[in-house]
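Trainee: Before I rely on any of the descriptive words used for this model, could we go through them one at a time, setting each value against its cut-off?

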Amino acid sequence: EEKFERTVSLVGRLLRDDIQLQALYHMFVMMCPLHRVGGTIQADPALAEVQVKLSQLIYRYLSAKSDLNYTKSGYLSEDSGGTRNTSQSEETSSSIMKMSEGVDDLNPDEKTRLLISLVDDLHDCVDIMQNRSLLG
């Protein structure tokens, strides 16, 4: 399904090989109940506070590393204008990764907001995998 591929592509491109960001985002997703779950869980003030704190941690983490050079993800350097020079060729991108083009240059605020907005889509992907698998 297109939604599944788009969501997986976006999350993969946003998190890449950043273990710390993956851990923070995993905790955030686990603290966000499915939208079908009763309103009492979603309205729990303690849970809402944890969600806010985790989203703030994600933002602060992304802000702290935004000035660094990302050599592991293909960035070699940053010139004086803030433009990044990449070492990856456009020809090596998979078709799924092309669905998420344009997320590499997001600022920490935009990236955090995008990650948060993808939580419901991730829950839908779990539903697709569990209940509507093409193989089963």
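Trainee: Why are H1 and H2 called oblique to each other?

Mentor: In this predicted model, H1 and H2 pack at an angle of about 135°, with their axes 9 Å apart. Roughly antiparallel would need an angle over 145 degrees and roughly perpendicular one of 65 to 115, and the angle falls in neither range, so H1 and H2 count as oblique.

Trainee: Which residues make that contact between H1 and H2, and how do they divide by class?

Mentor: From H1 come Val-11, Leu-14 and Leu-15, and these meet Leu-21, Gln-22 and Tyr-25 of H2. By class there are five nonpolar residues, one polar residue and no charged residues in the contact of H1 with H2.

Trainee: What is the phi value of Arg-16, and where does this residue lie?

Mentor: Arg-16 lies in the loop between H1 and H2, and its phi is near 45°, a positive value in a residue other than glycine.

Trainee: What makes Arg-16 partly exposed?

Mentor: Its relative accessibility is 28%; buried would require under 20% and exposed over 50%, so Arg-16 falls in between and counts as partly exposed.

Trainee: Why are H1 and H7 also described as oblique?

Mentor: The angle at which H1 and H7 pack is about 130°, and their axes are 10 Å apart. With roughly perpendicular covering 65 to 115 degrees and roughly antiparallel beginning over 145, that angle belongs to neither, and H1 and H7 are therefore oblique. The crossing of H1 and H7 is left-handed.

Trainee: Which residues bring H1 and H7 together, and how many of them are charged?

Mentor: On the H1 side the residues are Lys-3, Phe-4, Arg-6, Thr-7 and Val-11, which meet Asp-121, Leu-122, Asp-124, Cys-125, Ile-128 and Met-129 in H7. Four residues of the contact of H1 with H7 are charged, alongside six nonpolar and one polar.

Trainee: How do you know whether Thr-7 is buried or exposed?

Mentor: Thr-7, which is found in helix H1, has a relative accessible area of 0%, and since anything under 20% counts as buried, Thr-7 is buried. Leaving aside neighbours within four places in sequence, Thr-7 is in contact with Asp-121, Leu-122 and Cys-125.

Trainee: What makes Glu-5 partly exposed, then?

Mentor: Glu-5 is likewise found in helix H1, which spans residues 2-15, but its relative accessible area is 36%. That value is not under 20%, as buried would require, nor over 50%, as exposed would require, so Glu-5 is partly exposed. Glu-5 and Cys-125 are 120 residues apart in sequence, yet their C-alpha atoms are 9.0 Å apart in space.

Trainee: How do you know that Leu-47 counts as buried although its accessibility is 17%?

Mentor: The cut-off for buried is under 20%, so Leu-47, at 17% relative accessibility, counts as buried. Leu-47 has its place in helix H4, and, apart from neighbours within four places in sequence, it is in contact with Met-31, Pro-33 and Ile-41. Between the C-alpha atoms of Leu-47 and Cys-32, which are 15 residues apart along the chain, the separation is 8.2 Å.

Trainee: Which residues touch the most other members of the largest nonpolar core, and which elements supply it?

Mentor: The core has 18 residues, of which Tyr-25, Phe-28, Ile-58 and Leu-115 touch the most other members. Two or more residues are given to this core by each of H1, helix H2 (19-30), helix H4 (45-65) and helix H7 (119-131), and H2 provides the largest share, five residues. Setting aside residues up to four places away in sequence, Phe-28 touches Gln-51, Leu-54, Ser-55, Ile-58, Ile-116 and Val-119. As a general background, nonpolar side chains tend to be buried together in soluble globular proteins.

Trainee: How many helices and strands does the chain have, and in which pattern?

Mentor: The secondary structure comes to seven helices and two strands, and along the sequence the pattern reads α-α-α-α-β-β-α-α-α. Of the 136 residues of the chain, 29% count as buried.

Technical notes: Residues numbered from 1 in each chain as written. Predicted model: local features only at pLDDT ≥ 70, side-chain atom pairs only at ≥ 80, totals over all residues. Heavy atoms only, no water. Helix = DSSP H or I, 4+ residues; strand = E, 2+ residues; numbered from the N terminus. Buried < 20%, exposed > 50% of the residue type's maximum accessible area, 1.4 Å probe, protein only. Core = buried A, V, L, I, M, F, W, Y, C linked by side-chain atoms within 4.5 Å. Contact = heavy atoms within 4.5 Å. Axes fitted to C-alpha atoms, helices over the stretch in contact; angles between N-to-C directions. Parallel < 35°, antiparallel > 145°, perpendicular 65-115°, else oblique. Nonpolar A, V, L, I, M, F, W, Y, C, P; charged D, E, K, R; others polar. Left-handed = near helix turned anticlockwise from the far one by under 90°.
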